[in-house]
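Biologist: I'd like a close look at one part of this model, and I'd rather go slowly than see everything at once. Please walk me through it in plain words.

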2 protein chains.
Amino acid sequence: MGLIVMKFGGTSVANISRIRNVAERVLRSHFAGHQVVVVLSAMAGETDRLLALGREVTAEPVAREMDVLVSTGEQVTIALFSMVVNSMGVSACSLLGHQAKIVTDEVYGRARIVDVETSRIQAELDRGRVVAVAGFQGWDDHGNITTLGRGGSDTTAVALAAALKADVCEIYTDVKGVYTTDPNMVPNARKLEKISYDEMLEMAALGAKVLEIRSVEFASKFKVPIHVRSSFTDEEGTFVIDKDISMERVVVSGVAYNKDQAQVTIKGVPDQPGIAARIFGPISDSGIVVDVIIQNTAEDGLTDVTFTVTRGDLERTLAMAEDSARNVGVHDSEILTNPNVAKVGIIGVGMQNHAGVASKMFRTLAEHGINIILITTSEIKVSVIIDERYTELAVRALHEAFGLDKEPVREG
Amino acid sequence: MGLIVMKFGGTSVANISRIRNVAERVLRSHFAGHQVVVVLSAMAGETDRLLALGREVTAEPVAREMDVLVSTGEQVTIALFSMVVNSMGVSACSLLGHQAKIVTDEVYGRARIVDVETSRIQAELDRGRVVAVAGFQGWDDHGNITTLGRGGSDTTAVALAAALKADVCEIYTDVKGVYTTDPNMVPNARKLEKISYDEMLEMAALGAKVLEIRSVEFASKFKVPIHVRSSFTDEEGTFVIDKDISMERVVVSGVAYNKDQAQVTIKGVPDQPGIAARIFGPISDSGIVVDVIIQNTAEDGLTDVTFTVTRGDLERTLAMAEDSARNVGVHDSEILTNPNVAKVGIIGVGMQNHAGVASKMFRTLAEHGINIILITTSEIKVSVIIDERYTELAVRALHEAFGLDKEPVREG
């Protein structure tokens, strides 16, 4: 007997027959005596269809209305799911973002959850009902519909699990769990039994798509155990939980990559306090995520600033960078871009206790003739920016070099 | 300068290009200095698509969730419309049933509006915005989504016009106004300049589809002037307003018909107080609209009860009638049905001052060899039930007999 939040993505609810499968799975937990809250995404393809409809109006539709439009996707799914469960003889009820009282800020399209008030959900659970909540959506203080951005349903699920003090948040997906790296790229990638929040965050930040990064931040903050598992089998997947001692014995847990990167270098920036803020302020205000930022040591009072953004944001970023650079006295000609770079990183909580991990990584890449453009590190991660066409070679080489295809040797 | 509610149906918003046309029309009123509230239906075909999706789950999906499902149709339209208007440089904002504070009872699928609280709409108008409200939907006291049933967007528009004390409620449709009869059936049918609420109600009750009957009731109760007009031309349509003296000089204003009727006769019902309630109670409780009810004079303490329902309700009606009849001691064999009847009626507020209208109607039908099965009358209407295959013949004959193709002679 417990309270479980189960989240199913768009592929799992792509049609009525799959929704039935989801309902059967949910009812197994229900009949096992658990209270179950189900968070659902839009049917596969539906969000894209709605986005395309909006863009048929204009290239940049007004954000508030885009949220009104795309949030219908999840609304359709929770209604259908609740109908299915009711038709199976168990009472179920759907709740939209505002009915489930998921309060967000007012940033349409990329809203953040600021509060979840669980009384309505709890009341429905206490009546013995299965509660289906629309993922991806909330409402702001003025009663406007907001959406959380791509992958937002994961965040909805974890936020609900935190607010409801659920025993576990199960994220059902089309893969069997979290792997040492992308199994589509490396056939002998191994499914991890468990991974710490911090490692998962680094993997998500590097581009592992299994969990949306904000959902992991939320889980980490509120210590919500996440169980990432397959919609199609009953076997256990990967638990994303607080780090424990056994995890720290593993030096490297995984290799992640992101091919969707572009690099911008602004040369000859005056090395003065406040310059970085003047360059990056407008860019991040516009919602663009600036990732790796490297500033060289100054020479003659000038420095070079290099950073990466996702490729789709390059054009807008460049326009803003040119504006900002002009304001700090840098000419356009001194802004260089490379639209085809990738980020590859190795992650492991054990890394902080072990020297030589970074140098083993650099040596491995060098042995394969891969040039490193930029490097960033954190306590539990080393990542590099490389030419995009070497991504697969780098990932495979690192996966092998750190022995990730084998059960971990507990070092230490 | 005034406040106008404009309602557009599904055909007018069937695709982005048509939504643009609607937006242009709305902006003409906006730039003329009016405050404009726009009520929109789902894009043509969308409600049917959603209903089909629900029925793919089960033949009778749970009503609450069906409303959650189908209400997405209007949500998509108001979002797209607001995007279009914004892209034209005028601020517009969409409001769903609960945001526009359209409060209904809890009868899912056929809810009635009980209150409209206009503060949010008025605030948006006062900011110079065009406000797009989702037709067809509201919410109940518990925050659940409800829908108003087929044609409910007309009711939304009139209810908003009443609450906002609008100068006029413009209902845009694919016909040019209200005609003396169905122009598809009678080519020389004439568009009416104006018609009284009561006449419009009788025409709608008889099957004229131009306005939803509840919207006319609402308009009549709150004296909201309705202007029924075409989405495709600028010419004036028909005003539906309180009756005036000029209307009373016209004996017959129109001929209406409804082919979708079925007749049920229960023979040998004991002629006792309360019998009718026991027969019709369960039927109307189930939401079936029972129309013409005729009870013969009793013989030997037994009487025959005859009534009509729409054809689609016949099977369910019959099952319930058999149950009820059994309970009052009538055998199944004494229940007769005729699934193929039609209702044809003549309507006119002038009728109450003129004798001989009914007999002229009966004579006309007799001259064309049409047998009358049932007759009902009101102060401003005479209608008959006839064999369905004579509908067109009857409508044409009556239209001609009462000279409806000609501008009315002001009698009296």
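Which residue in E15(A) does A:Ile293 stand opposite?

Modeller: The partner is A:Phe307 in E15(A), standing opposite A:Ile293. Before going further: this is a predicted model, where local features need pLDDT of at least 70 and side-chain atom pairs count only at pLDDT 80 or more, while totals for chains, interfaces and linings use all residues, and side-chain values use heavy atoms, with hydrogens and water left out. Residues are numbered from 1 along each chain as its sequence is written, and chains are lettered from A and ligands numbered from 1 in the order in which they are written.

Now the surroundings of that pair. E14(A) runs antiparallel to strand E15 (residues 302-310) of chain A, and three bridges join them. (Strands pair if DSSP finds at least two bridges between them; helices, H or I with at least four residues, and strands, E with at least two, are DSSP runs numbered from the N terminus.) Zoom out and you find six strands of chain A in an open sheet, ordered E14-E15-E13-E16-E18-E17, with antiparallel pairing. Strand E14 (293-295) and strand E17 (372-378) of chain A sit at the edges with a single partner strand each, so one side of each has no neighbour in the sheet. From one strand to the next, the twist averages 25 degrees. (Axes are lines fitted to C-alpha atoms, for helices over the stretch in contact, and angles run from 0 to 180 degrees between N-to-C directions.) As background, strands of a sheet pair through backbone hydrogen bonds, either parallel or antiparallel.

The chain A sheet has helices lying across it too. Helix H11 (residues 314-327) of chain A lies across strand E13 (254-270), E15 and strand E16 (335-347) of chain A, at about 120 degrees to E16(A). (Contact means heavy atoms within 4.5 Å.) Over on E16, E17 and strand E18 (381-387) of chain A, you'll find helix H12 (residues 357-367) of chain A, which runs at about 20 degrees to E18(A).

Next, chain B. Rotating chain B by 180 degrees, with 0.2 Å of shift along the axis, superposes it on chain A with an RMSD of 0.2 Å. (The fit is by least squares on C-alpha atoms of residues with pLDDT of at least 70 in both copies.) That is how a two-fold axis relates things. B:Thr72 has the C-alpha nearest the axis in chain B, 2.7 Å from it. Both copies use the same surface, as 100% of the contact residues of chain B recur in chain A.

So what about the sheet in chain B? It is an open one of six strands in the order E14-E15-E13-E16-E18-E17, and its pairing is antiparallel. At its edges stand strand E14 (293-295) and strand E17 (372-378) of chain B, and each has a single partner strand, so each is left with one side lacking a neighbour in the sheet. The twist here averages 25 degrees from one strand to the next.

Let's go through some of the pairings. E14(B) and E15(B) are antiparallel partners over three bridges, and B:Ile293 stands opposite B:Phe307 in E15(B). Six residues lie between the strands in the hairpin of E14(B) and E15(B), where B:Asp300 takes a positive phi near 55 degrees. E15(B) also runs antiparallel to E13(B), with eight bridges joining them; B:Val264 stands opposite B:Phe307 in E15(B). Further along, strand E16 (residues 335-347) of chain B is joined to strand E18 (residues 381-387) of chain B by seven bridges, again antiparallel. One facing pair there is B:Ile346 with B:Val382 in E18(B).

Two helices of chain B are worth finding on this sheet. Helix H7 (residues 197-206) of chain B lies across strand E13 (254-270), E16, E17 and E18 of chain B and runs at about 150 degrees to E16(B). Helix H11 (residues 314-327) of chain B lies across E13, strand E15 (302-310) and E16 of chain B, at about 120 degrees to E16(B).

Last stop, a place where the two chains meet. Helix H4 (residues 72-87) of chain A and helix H2 (residues 46-57) of chain B cross at roughly 30 degrees, their axes coming within 9 Å. On the H4(A) side, A:Val76, A:Leu80, A:Met83, A:Val84 and A:Ser87 meet B:Leu50, B:Leu53, B:Gly54 and B:Val57 of H2(B).
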